[in-house]
Amino acid sequence: MNPVTRATFIAQAQAICQRATHKFLSVGESSQKLESIAAWYEAAARFSEQALAKLRALPSPKGERAHFNRFYALLEQQTDVRRQAAPAASAGETRRAEVLGRKRVTFTHRKGARPRGVPRRSAGVS
């Protein structure tokens, strides 16, 4: 088996992230009602889990796994926030849902410090 190149890995990861981003956008938050927000967080957590599993399954370029594992850890934390936000919004816990929403955005920004060589647009699992 030939080792995967950085370019091949990045292309595969971008495709996974683009599909996940498309799913996020297709669900959309239709309103500011907590029920709608809860439904979005449930779907977003599911999409994130699926994308993360696919990303982790990709063979990474030789010597690069640690870089990508740090990025995946941020994705995992962001997904966990989505999992927590769904029941908070569903239960009408407005303040908790807002706090978790801000925390999700923080993880999105932290992913901006992505692994070396990963183009900004592939960090699209928002």
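Thr79 sits in helix 3, which spans residues 65-90. The model is predicted. Four salt bridges turn up in a search of the whole structure. This briefing covers Thr79 and its surroundings, then salt bridges built on Arg83 and on Glu64.

**Thr79 and its surroundings**

- Thr79 has a relative accessibility of 2% and counts as buried, because the cut-off for buried is under 20%.
- Leaving aside residues up to four places away in sequence, Thr79 touches Ala45, Ser48 and Glu49.
- Ser48 is 31 residues from Thr79 in sequence, yet the two C-alpha atoms are 6.0 Å apart in space.
- The side chain of Thr79 also has a polar atom 2.8 Å from the backbone oxygen of Leu75.

**The network around Arg83**

- Glu49, one of the residues that Thr79 touches, is linked with Asp80 and Arg83 in a network of salt bridges.
- Arg83 pairs with Glu49 in a salt bridge, with 2.5 Å between the closest N and O atoms.
- Arg83 belongs to helix 3 and Glu49 to helix 2, so this pair ties together parts that lie 34 residues apart in sequence.
- A salt bridge also joins Arg83 to Asp80, where the closest N and O atoms are 3.3 Å apart.
- Both Arg83 and Asp80 lie in helix 3, with a spacing of three residues, or about one turn of the helix.

**Exposure within the network**

- Arg83 is partly exposed, at a relative accessible area of 38%.
- Glu49 counts as partly exposed, at 35% relative accessibility.
- Asp80 is partly exposed too, with a relative accessible area of 32%.
- These values fall between the cut-offs of 20% for buried and 50% for exposed, which means partly exposed is the class that applies.

**The Glu64 and Arg6 pair**

- The side chains of Glu64 and Arg6 form a salt bridge, at 2.7 Å from N to O.
- Glu64 is in the loop between helix 2 (34-57) and helix 3, while Arg6 is in helix 1 (residues 6-27), so the pair ties together parts 58 residues apart in sequence.
- Is Glu64 buried or exposed? Glu64 counts as buried, with 8% relative accessibility.
- Its partner Arg6 counts as partly exposed, at 28% relative accessibility.

Methods
Residues numbered from 1 in each chain as written. Predicted model: local features only at pLDDT ≥ 70, side-chain atom pairs only at ≥ 80, totals over all residues. Heavy atoms only, no water. Helix = DSSP H or I, 4+ residues; strand = E, 2+ residues; numbered from the N terminus. Buried < 20%, exposed > 50% of the residue type's maximum accessible area, 1.4 Å probe, protein only. Contact = heavy atoms within 4.5 Å. Polar contact = N/O pair within 3.5 Å; in protein donor to acceptor, adjacent residues only side chain to side chain.
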